Amino acid sequence: MRHSARKQHRHHLIFYLKVYHRDSGEQIGYLGDITTDGMMVMSREPLDVDQDWELEIRTVENLAEPRSLFTPARSRWCKQDVNPDFYATGFELLQTPRETTRAIQQLIREIGFQDT
């Protein structure tokens, strides 16, 4: 599979937010990084590639507005992380509603590491 060049800078967050499979309610991992186009999820088990997912990202309670973000996504790649206890899976966000895009931008502003 060919990977196209990344269009946006990845944003790492101060907290590892939990990511769930929306349909089953099962936690699939933790958010590693995020852009308005995609995200990387860290998990204990490898996740299926080229699958469509309905994902839920649960924000931490001490934010100004705790909330869940819901988005359809497609898993594009999965590989063992530098830490051999985890796998990293890249997701492309699909048909992201404008309000979800704004919520991701707000999340990055509130708990993203600030680049200098």
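What follows is a short conversation about reading a predicted model.

Reader: What should I know before I start?

Author: This is a predicted model, where local features need pLDDT of at least 70, side-chain atom pairs count only at pLDDT 80 or more, and totals for chains, interfaces and linings use all residues. Residues are numbered from 1 along each chain as its sequence is written, and side-chain values use heavy atoms, with hydrogens and water left out.

Reader: What is the mean pLDDT of the chain?

Author: pLDDT is the predictor's confidence in each residue, from 0 to 100. Here the chain averages 83, with 76% of its residues at 70 or more. Residues 1–6 fall below 50, and that stretch has five contacts in the model beyond near neighbours in sequence; contact means heavy atoms within 4.5 Å. Where pLDDT is low, don't read the predicted coordinates in detail.

Reader: And how many helices and strands does the chain have?

Author: Elements are DSSP runs numbered from the N terminus: helices are H or I with at least four residues, strands are E with at least two. This chain has one helix and six strands, in the order β-β-β-β-β-β-α. Among these elements, helix α1 (residues 98–111) has the lowest mean pLDDT, 84, while β6 has the highest, 96.

Reader: Which rings form the aromatic pair?

Author: Rings of Phe, Tyr and Trp (its six-membered ring) pair if their centres lie within 6.5 Å; planes under 30 degrees apart are stacked, over 60 edge-to-face, and the rest tilted. The structure holds one such pair. Tryptophan 53 and phenylalanine 91 meet edge-to-face, 5.7 Å centre to centre with 85° between the planes. They sit 38 residues apart, in strand β4 (residues 52–58) and strand β6 (residues 87–93) respectively.

Reader: Why does tryptophan 53 count as buried?

Author: Buried means under 20% relative accessible area, exposed over 50%, partly exposed in between (1.4 Å probe, protein chains only). Tryptophan 53 counts as buried because its relative accessibility is 12%, and phenylalanine 91 because its value is 4%. Histidine 21, in strand β1 (residues 18–21), is buried too, at 18%. Leaving aside neighbours within four places in sequence, histidine 21 touches Glu26, Ile28, Trp53 and Glu54. Of the chain's 116 residues, 41% count as buried.

Reader: Which ring does the charged end of arginine 58 sit over?

Author: The test is NZ of Lys or CZ of Arg within 6 Å of the ring centre and within 35 degrees of the ring normal. Arginine 58 has its charged end over tyrosine 20, 3.6 Å from the ring centre. Arginine 22 lies over the face of phenylalanine 70, at 4.0 Å from the ring centre.
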